[in-house]
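Reader: Hi! Could you walk me through this one while I have it open?
Author: Happy to, here we go.
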Amino acid sequence: MLTYIFRRLALMLPTLVGVTAVVFFIMALAPGGFGGSVLNEQGSQNEGEESRRIREYFNRRYGLDQPAIIQYGRWLNQVSPVGFLTSSQIQFTHEQLAEAQTAIDADPLFGSLKGRPGHMLALAEMLAKYQDISPLEATRLLNDALGEASAGENLLKEINPEVEIKSPLTAKTTAALLLLELAGRQRILFARPAVKMPDLGQSLRGRRVTQLLGEAVPITLLLNLITIPIIYSIALVTGILAARYRGRAFDIISGFIMLGLWCLPVIWVGVMLIGYFANTQYWKFFPTDGLHALEADTMRFLPSFGPEGFERGWLLDAAWHLALPILCLTYGGFAVLSKLTRGSILDNISCDYVRTVRAKGVSEHTVLFRHVLRNSLLPLITVSASILPALFVGSVVVENIFSIPGMGKLGVEAAFMKDREVVMGTTLLGGLLGLASELLRDICYAAADPRVSYE
Amino acid sequence: MTEPLLRIEDLAVNFDTPSGVVKAVNGVHLSIYPGQTLGVVGESGCGKSVSALSTLQLVPTPPGCYERGKIWWSAKGEPPVDLLTQTEKQMQSIRGNDIAMIFQEPMTSLNPVYTVGEQILEAILLHQAVGRAQAIEIAVTALEDVGIADARSRLKTYPHQLSGGMRQRVMIAMALACQPKLLLADEPTTALDVTIQAQILELLRELQIKRGMSIMLITHDLGVVAQNADVVAVMYAGRVVEYGSVHDVFDRPQHPYTRGLFDSMPRLGEEKHRLRTIEGNVPDPGNLPSGCPFHPRCRDWQEDVQCAQAVPPLQEVFPRHWAACWHGTGCDQGNASLADIPPVSTTA
């Protein structure tokens, strides 16, 4: 069993690479490329000076000026826990930085660029990271570059071979150009293989992707953790009852209702629910969007009676906001599961072993719950593995309709913006979840069915 | 003469199917005496299994329906009770306790997700007032009785880890764990290969002698009947067509169908290139021919006899030997009443 799990885990790696590669290259090869919509926000045909600057900055930050395959390699290196350090990941100690600061303070050349002593240290640090040298060495290199125009030009060319130098370089212009060229620039330091923290990178707007995911995942998780038990309990209960009273009124009516609900598209239902239940002109029963009211932070946790009468409190406020989205996520979900439970029970109830159990004198109740149900649940394990990723996808629509800042909304917005790092972050997380739930399903299978063994 | 343990009187079971009512069992008379083995022979679909399942009220209803008849069960010297009128609750205390049943397919007749031990314990704990530890001892004994070595560790195995013969032994152990008075064996050896078949039948015979229980042995194998049964009932199209002790029926089969069955069997030392078959097919139980259901296939059928008009009753053609044929060849003993048919004793 352990060997099997290890083998499966090892197989997850190439699968994940495949999943991310497909998404990456579709995005990279799409017209406009990464971040296209941000750059051409005004829809202008000619790239303005500002857009050009932003593009150059993004080029430096994400290496967008390189071929897609190299970009993908860089991204893989970035998210892999084993790989090469990038220049931005190098951290200097206080002592090293203090050393450099002393060198800068002692040097008259840096003194001549006074007014920006902090900038000098920052520049030295950036250069040190980019060139993978110590800050002290970087100050010496900087000293040469600022002191002599040709040395400065060489250093600039080394960092960016395409840099255009129009006017003769002074110390000040060299410093400014170096600062511009080094800002955000990253380089993979092949000399430094390392076991490192996987880094999901930075979104176009500048926030870390891990931070964005950290905010969105709990919200989607909350939705799913409420939705899945509701779906399962309804599906199991109705499925069992429908099988028990096969062909009777309950079976037919429940089957009819479920199929009907299943046929209603979430997009339409969501909009209708808002239109009727949240519209101020109809029944203003529920809020239209969001997870909390604006003043939720000042509420007590539980409902209470205050000076202004009933206060619903934080918990009830959240429930009130979640009611419609949860309704949307659940109403169609149990139809398939319920039908599957019913079919599976009926399949099993006519099995030979059930006749044996009855012939032993076991009561009908025990036959159903101890013997039939136990066997009937096996196919449900297969389906439940696909429910988790499916709810992730399903919540895309619901989260967007109800403006809930969860994973679905984050992913869709990132896709519209062509925000490479965020899209890749959600893809990676989704892929991992999907593969993990499949592995979990197979382990559950082995645990639930003694006939299944992976030895 | 002792009371029969089980007496089936004029049992009729119908199935409602989309293509009409199927008369699976249509007036069956049988009785089993204590310690006796009744062999029930017939082709597939002749109502053997349904008769046995009716005894335990295990025919699925719907689509099944007990049309008429009585199944008298008299255990412990009490007045006979009609099993068909018992409530589900009463039946549950009879099933597996007084009357146990084993089935044809040992491969699928055990619940795949529970261990052998759990499944045997379930029956024991249900019917006997014993604790779990005691029940385990009973289960171990039951498994040892059916010749399973290392019984204690076998309790922990799952059905799929056992061979077909072993599973059938487990089925028998499970059925016999509560010391039933009657064992309904529905083609217990059909799915097994010949050597295992012989072992299982041998085992059943031993256990029967040891415990003095009765067995209703349902089979389509005349050889199995000859070796194991005391009394044989030949069934055709939902009716018993011939009934008598094994010696009588095998020595002088009275019904043309029985004769056809014997003719279609190869005999040792006899040189035959081709076996003789019974012409035609088993009639569709949803659409039985008029009169004697066998008459379209019968070699003795003559236009002038009432074969095609009326169903022949089971008549005593020889002492303690009944046949349902208008061409009764033996001494006509008059009309034996259907109700007390047929007290064939085991000690023949």
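Reader: How far apart are the C-alpha centres of domain 1 and domain 2 of chain A?
Author: They lie 54 Å apart. Domain 1 of chain A covers 82–195 and domain 2 covers 209–448, with bounds from an automatic or database domain assignment. This is a predicted model, where local features need pLDDT of at least 70, side-chain atom pairs count only at pLDDT 80 or more, and totals for chains, interfaces and linings use all residues. Residues are numbered from 1 along each chain as its sequence is written, while chains are lettered from A and ligands numbered from 1 in the order in which they are written.

Reader: Cool. What about α5 of chain A, which residues are buried?
Author: Ala100(A), Ala103(A) and Ile104(A). Buried means 20 or more other C-beta atoms, placed from the backbone, within 10 Å of the residue's own; exposed means 12 or fewer, and partly exposed is in between.

Reader: Why do they line one face?
Author: Seen down the axis of α5(A), the buried residues fall within an arc of 100°, so they line one face of the helix; the arc is that of the directions from the helix axis to the C-beta atoms. On the other side, the exposed residues include His94(A), Glu95(A) and Asp105(A).

Reader: New topic: how many residues does each chain bring to the contact?
Author: Chain B gives 23 residues and chain A gives 18 residues, with contact meaning C-beta atoms, placed from the backbone, within 7 Å.

Reader: And which element has the largest share on chain B's side?
Author: That is α3(B), with 4 residues. Helices (H or I, at least four residues) and strands (E, at least two) are DSSP runs, numbered from the N terminus.

Terms used: Two residues are in contact if their C-beta atoms, placed from the backbone, lie within 7 Å.
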